[in-house]
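Dear colleague,

I am handing over the structure shown below, with an account of what was found in it. Please read the account with the structure open beside you.

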Amino acid sequence: MDGKFNFSEETVMPLIALTPSWNDEKRQMCLGPDYIDAVQRAGGAPVLLSFTDSEALADEMLSRMDGVLFTGGGDVNPACYAEEMLPCCGAPADNRDQLETLLLRCALRRGMPILGICRGLQIINVCLGGTLYQDLTSQLGFVHSNGEIRHPLFAEEGSVLA
C-alpha cells in the first residue's frame, strides 16, 4: 500500500488513537511521523490525542476510537512503579504518564485493542503492576553506542504484527 487511500462510501477506516510526546522546552505536543505513516499504511486513520488529567475526558476521547497506540518516547517516571529516580534516568513527563495511565485504564475497561511501542509497552507494563530497569547499562551492563540502546525487530510476513 502506498499510504494513499481511495475513499468511498463503503470505506470505513478504524480510528486509532496515538499518544503524544511532550517537549518541555517548546511547551508543545509532538509525535514522529513514522507512527502516523504506519497507522495509515495499515488502513487506519490516526488521531493524536491531547493531554488531560480527567478520566472522564480520556474515556470520552476513546469512545470514538477503535484502538490505541501507546507510542515511544522518554522514560516513564520511576515514581509510577514505586522507585526513586536514578541520576541516569531522563526527565519525567508526568503529564504523559498521567494521560497514558488514564487511557490504558479506559481502554481496558472498554476491551479495546491496544499496542505499545517501546515506552508505550513500558507504561502498559507499569500500569499492570510491573516494574522497569531505569538504565540498562548501569543496572544490567548492556553496552550501547551513540547514547542509545537499539535492537532490530522483524515481523513475520502475514502475522498480526505485520
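**Strand pairing around β5**

Strands β5 and β6 run parallel and are joined by three bridges. Within this pairing, F70 stands opposite G116 of β6. Please note that the model is a predicted one.

β5 is also paired with β1, which spans residues 15–18; these two strands run parallel and are joined by three bridges. Here A17 has V68 of β5 as its bridge partner. As for the side chains of β5, G67 and L69 point one way while V68 and F70 point the other way, and all of them are buried.

**Overall layout**

The protein contains five helices and six strands. Along the sequence they follow the order β-β-β-α-β-α-β-α-β-α-α. Of its 162 residues, 30% count as buried. Among contacts with a separation of 6 or more, 67% are between residues 24 or more positions apart.

**The nonpolar cores**

The largest nonpolar core has 21 residues, of which L62, V68, F70 and L103 touch the most other members. Two or more residues each are given to this core by α2 (55–63), β5 (67–70), α3 (94–110) and α4 (119–127). The largest share, six residues, comes from α3.

Which residues does L103 touch, leaving aside those up to four places away in sequence? They are T19, L49, A58, L62 and F70. L62 and F70 also belong, with L103, to the group that touches the most other members of the core.

There is a second, separate core of five residues, including L18, Y35, V39 and L69. β5 therefore has a place in the description of both cores: V68 and F70 are named for the largest one, and L69 for the second, with L69 pointing one way from the strand and V68 and F70 the other.

**The second largest pocket**

The second largest pocket holds about 180 Å³ of space. It is lined by 13 residues, and those closest to its centre are W22, A91, P92, A93 and N95. Two elements, β2 (21–23) and α3, give two or more residues to the lining. The largest share, three residues, comes from α3. By class, the lining has four nonpolar, four polar and five charged residues. The helix α3 thus gives the largest share to this lining as well as to the largest nonpolar core.

**Two residues with positive phi**

Most residues other than glycine have a negative phi. Two residues deserve a look in this respect.

A82 has a phi near 60 degrees, a positive value in a residue that is not glycine. This residue lies in the loop between β5 and α3. Is A82 buried or exposed? A82 counts as exposed because its relative accessibility is 75%, and the cut-off for exposed is over 50%.

C118 likewise is not a glycine, yet has a positive phi of about 55 degrees. Its position is in the loop between β6 (114–116) and α4. With a relative accessibility of 54%, C118 also counts as exposed.

With kind regards

Definitions and conventions:
Residues are numbered from 1 along each chain as its sequence is written. This is a predicted model: local features need pLDDT of at least 70, side-chain atom pairs count only at pLDDT 80 or more; totals for chains, interfaces and linings use all residues. Side-chain values use heavy atoms; hydrogens and water are left out. A nonpolar core is a set of buried Ala, Val, Leu, Ile, Met, Phe, Trp, Tyr and Cys residues joined through side-chain atoms within 4.5 Å. Buried means under 20% relative accessible area, exposed over 50%, partly exposed in between (1.4 Å probe, protein chains only). Helices (H or I, at least four residues) and strands (E, at least two) are DSSP runs, numbered from the N terminus. Contact means heavy atoms within 4.5 Å. On a 1 Å grid over the protein atoms alone, a cavity is a set of points where a 1.4 Å probe fits but cannot get out, and a pocket is an open set with protein on both sides within 12 Å along at least five of seven lines; lining residues have an atom within 4 Å of a point. Grid points are joined across faces, edges and corners, and a volume is the space filled by probe spheres set on the points. Ala, Val, Leu, Ile, Met, Phe, Trp, Tyr, Cys and Pro count as nonpolar, Asp, Glu, Lys and Arg as charged, and the others, Gly among them, as polar. Two strands pair if DSSP finds at least two bridges between them.
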